[in-house]
Amino acid sequence: MNDKLFENFFELDEVDSTNAEAKRIALENKGLNFVLWAKSQKKGRGQAGNSWYSSDNKDVAVSFVYYPENINVLNQFDLNLLVCNAVHFYVSQCVKDKIVQIKWPNDILIDNKKVAGILIENSVKGTKMEQCIIGIGLNLNSEVFPTELVRATSLKIENPSFNSTPKQAIFSIGECLEKLIRIADFTEAKAYYLNYLFAFQKLQQFKVKGQITEGIIKGVESNGQLLVLTQQGQQSFGFKEIEFIY
Ligand code: BTN
């Protein structure tokens, strides 16, 4: 076994999606933990079937392939906590005097604008997680975005003196993620996540089943569902069941 969890680093000039390519590489390399970075990603995949935009050679499009030794499927969200915290920590180091938050389940915001998105694709064996493909898109050096992405920002926009290459950013995030995986303190990880959770304990507008509604975020359940106190009482929502209005 490698000393470093993510010692194997593959670098490609162009891919459709790093998550899709990582899945293909993993088929040929069963059980290997690795990182796949592409300088250019043409068909980045986002949450809920959306696409993900990143600018060639400027932004981060990376996938970490990880075979956990012992994570029960019921605790799949634990890995999401660690990944969000690692990206949040990195972003916080890069911008000062800005509010950096985690928007449930796994967006990273700077002053309410999205700087990073995470897409984790898991496969399961019995009751255990087998393979996790952790895709991270982080806007690093882009200074303009397609007009429809009204709420996108980058580290360069938020901090003009920011100066890092995608590869350096990936090493920093990978190092932090590896540390968090080794420590495996999910109580601490949950506390960090909640501490930076967007709208936590605040009255927030949502869209649920097409209706605008209000509620207070009370927490996140171990299966990852969002706990919201609404007029109907405390309710749990899956990712596709609730949309933030902000
Ligand atoms: C989101 O919708 O917020 C999640 C975006 C995830 C994008 C990253 S970029 C690297 C990896 N490869 C993909 O195709 N998607 C993820």
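This talk describes one helix, the surroundings of a ligand, and several strand pairings in a predicted model.

Good morning. I will begin with helix H4, which runs from residue 166 to residue 183. How far apart are the end C-alpha atoms of this helix? They are 26 Å apart, and that agrees with the 26 Å that 18 residues should span at 1.5 Å a residue.

Which residues of H4 are buried? They are Pro166, Ala169, Ile170, Ile173, Gly174, Leu177, Leu180 and Ile181. These buried residues cover an arc of only 130 degrees around the axis, and therefore they lie on the same side of H4. The spacing of such residues along a sequence follows a general rule: an α-helix has 3.6 residues a turn, so residues three or four places apart point the same way. On the other side of H4, Gln168, Arg182 and Ile183 are exposed.

What do the buried residues of H4 pack against? Their partners include two helices, H2 (77-94) and H5 (186-195). Three strands also take part, namely S2 (34-41), S5 (60-66) and S9 (128-138). After H4 comes Ala184, whose phi is positive, near 50 degrees.

I turn now to the ligand. It is surrounded by 19 residues, and the closest are Ser17, Gly46, Gly117, Gly135 and Gly137. Which elements each supply at least two residues of this shell? They are helix H1 (18-28) together with the strands S3 (44-45), S5, S8 (113-125) and S9. Strands S5 and S9 were named a moment ago, since the buried residues of H4 pack against them. By class, the shell around the ligand holds 11 polar, six nonpolar and two charged residues.

The next topic is the pairing of strands, starting with S6, S7 and S8. Strands S6 (residues 100-103) and S7 (residues 107-110) run antiparallel and are joined by four bridges. Within this pair, Ile102 has Ile108 in S7 as its bridge partner. The hairpin from S6 to S7 passes through three residues.

Strand S7 also pairs with S8, again in the antiparallel sense, over four bridges. Here Leu109 stands opposite Lys114 in S8. The hairpin of S7 and S8 has two residues between the strands, and Asp111 in the turn has a positive phi of about 45 degrees. Strand S8 is also one of the elements that supply at least two residues to the shell around the ligand.

A further set of pairings involves S11, S12 and S13. Strand S11 (residues 211-220) pairs with S12 (residues 226-230) in the antiparallel sense over four bridges, and Ile217 stands opposite Val228 in S12. Five residues lie between S11 and S12 in their hairpin, where Gly224 in the turn has a positive phi of about 95 degrees. Strand S12 in turn pairs with S13 (residues 233-237), antiparallel, over five bridges. Leu229 stands opposite Gln234 in S13, and the hairpin of S12 and S13 has two residues between the strands.

I will close with a single residue, Val208, which lies in strand S10 (residues 203-208). Why does Val208 count as partly exposed? The reason is that Val208 has 15 C-beta neighbours inside 10 Å, and a residue needs 20 or more to be buried but 12 or fewer to be exposed. Leaving aside residues up to four places away in sequence, Val208 touches Thr213, Glu241 and Ile242. Val208 and Phe244 are 36 residues apart in sequence, and their C-alpha atoms are 9.1 Å apart in space.

Thank you for your attention.

Key
Residues are numbered from 1 along each chain as its sequence is written. This is a predicted model: local features need pLDDT of at least 70, side-chain atom pairs count only at pLDDT 80 or more; totals for chains, interfaces and linings use all residues. The expected span of a helix is 1.5 Å times one less than its number of residues. The arc is that of the directions from the helix axis to the C-beta atoms. Two residues are in contact if their C-beta atoms, placed from the backbone, lie within 7 Å. A residue is near a molecule or strand if its C-beta atom, placed from the backbone, lies within 6 Å of it. Ala, Val, Leu, Ile, Met, Phe, Trp, Tyr, Cys and Pro count as nonpolar, Asp, Glu, Lys and Arg as charged, and the others, Gly among them, as polar. Two strands pair if DSSP finds at least two bridges between them.
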